[in-house]
Amino acid sequence: MTKQIEEVARLILTAQRIVIFAGAGLSTESGISDFRSPGGVWDRYDPEDFYYQNFLSSEASREKYWQMATEMYEPMKKAQPNLAHLAIAEMERLGKLDCVITQNIDGLHFKAGNSEDKVIQLHGTAMYVLCLNCNKKYDRDEVQERLRKGLKVPYCDVCGGPLKPATISFGQSMPEKETQEAYHRSSLSDLFIVIGSSLVVQPAASMPLVAKRNGAKLIIINREPTSYDDMADLVIHGQAGPIMASILKDVKKELDKP
Ligand SMILES: [Zn+2]
């Protein structure tokens, strides 16, 4: 693996526009369980209740939604960035990051030190709450506090509209601005690094193709093989944290040379 790590470091050093594509694997290494995996929250809840349309139309669905969202939020709030998040934040400090396109909603890129304008959150964020009627933004902890005191479904102080975490639910369309920006940055990149994603969720999974078609080198770092491994320039199977830490160590060693 040492040879592959050195090769990725070399590519990072020579690239001008590096885009990182971060998947659920990055969060699981921080102890946040992938909600789609067995033993996840879906074993205890009915996914039907969580379709956006049901949230909009049914008070009972909203109540179940908030129960599940509360259960998922607690471990997320306590989670700390892992070595991979820290390496990505380090890339920004070194001027080696165009942006991170992330499928994660846990805000760990910011806890690691990435700035707001470097992170494109394709599936939104669990860190704040929006009124679905007037779009007023609420701090997530403030809303959770209302629930902790016994409220079942929170509503907007201003207009009475239903409040929902700013994440993208089933049946809710992808955020237009973020999706377009992600495709645009992918097409302009010269090095596209996938970290901790099996690249199955569309449309996000087509972004590596867009990058590759426009001439970028494609690197995949993931525990399991992906269906894109064959077209990648370099694939490393393993844990993202230690691998990214080794890569950044090599990058910094080169940058520090007089
Ligand atoms: Zn409102």
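In what follows, Ala, Val, Leu, Ile, Met, Phe, Trp, Tyr, Cys and Pro count as nonpolar, Asp, Glu, Lys and Arg as charged, and the others, Gly among them, as polar. The exercises concern a predicted model.

**Exercise 1.** Describe the second largest pocket by its volume, by the residues closest to its centre and by the character of its lining.

*Solution.* Start with the volume, which for the second largest pocket is about 710 Å³. Next, consider the lining, to which 28 residues belong, and note that Gln121, Gly124, Tyr128, Pro175 and Glu178 are the closest to the pocket centre. Then sort the lining residues into the three classes, which gives 11 nonpolar, 8 polar and 9 charged.

**Exercise 2.** Determine which elements give two or more residues to the lining of the second largest pocket, and which of them provides the largest share.

*Solution.* The elements that meet this condition are strand 3 (119–121), strand 4 (124–131), strand 6 (163–167) and helix 8 (176–188). The largest share, 5 residues, comes from strand 4.

**Exercise 3.** Classify the aromatic pair formed by Tyr51 and Phe170, and state which parts of the chain the pair ties together.

*Solution.* The structure holds 4 aromatic pairs, and in the one formed by Tyr51 and Phe170 the rings are 5.5 Å centre to centre, with 35 degrees between the planes. Planes under 30 degrees apart would count as stacked and planes over 60 as edge-to-face, so the rest, to which this pair belongs, count as tilted. Tyr51 lies in the loop between helix 2 (24–28) and helix 3 (52–57), whereas Phe170 lies in the loop between strand 6 and helix 8, so the pair ties together parts that are 119 residues apart in sequence. As for accessibility, Tyr51 is partly exposed, with a relative accessible area of 35%, and Phe170 also counts as partly exposed, at 33%.

**Exercise 4.** Classify the pair of Tyr65 and Trp66, decide whether each residue is buried or exposed, and name the cluster to which they belong.

*Solution.* The ring centres of Tyr65 and Trp66 are 6.3 Å apart and their planes stand at 80 degrees, so the pair is edge-to-face. Buried means under 20% relative accessible area; Tyr65, at 5%, is therefore buried, and Trp66, at 1%, is buried as well. Ring pairs link these two residues with Phe55 into a cluster.

**Exercise 5.** Identify the charged residues that lie over the faces of Tyr138 and Tyr73.

*Solution.* Over the face of Tyr138 lies Lys136, at 5.0 Å from the ring centre. Over the face of Tyr73 lies Arg140, for which the corresponding value is 4.2 Å.

Methods: Residues are numbered from 1 along each chain as its sequence is written. This is a predicted model: local features need pLDDT of at least 70, side-chain atom pairs count only at pLDDT 80 or more; totals for chains, interfaces and linings use all residues. Side-chain values use heavy atoms; hydrogens and water are left out. On a 1 Å grid over the protein atoms alone, a cavity is a set of points where a 1.4 Å probe fits but cannot get out, and a pocket is an open set with protein on both sides within 12 Å along at least five of seven lines; lining residues have an atom within 4 Å of a point. Grid points are joined across faces, edges and corners, and a volume is the space filled by probe spheres set on the points. Helices (H or I, at least four residues) and strands (E, at least two) are DSSP runs, numbered from the N terminus. Rings of Phe, Tyr and Trp (its six-membered ring) pair if their centres lie within 6.5 Å; planes under 30 degrees apart count as stacked, over 60 as edge-to-face and the rest as tilted. Buried means under 20% relative accessible area, exposed over 50%, partly exposed in between (1.4 Å probe, protein chains only). A charge sits over a ring if NZ of Lys or CZ of Arg is within 6 Å of the ring centre and within 35 degrees of the ring normal.
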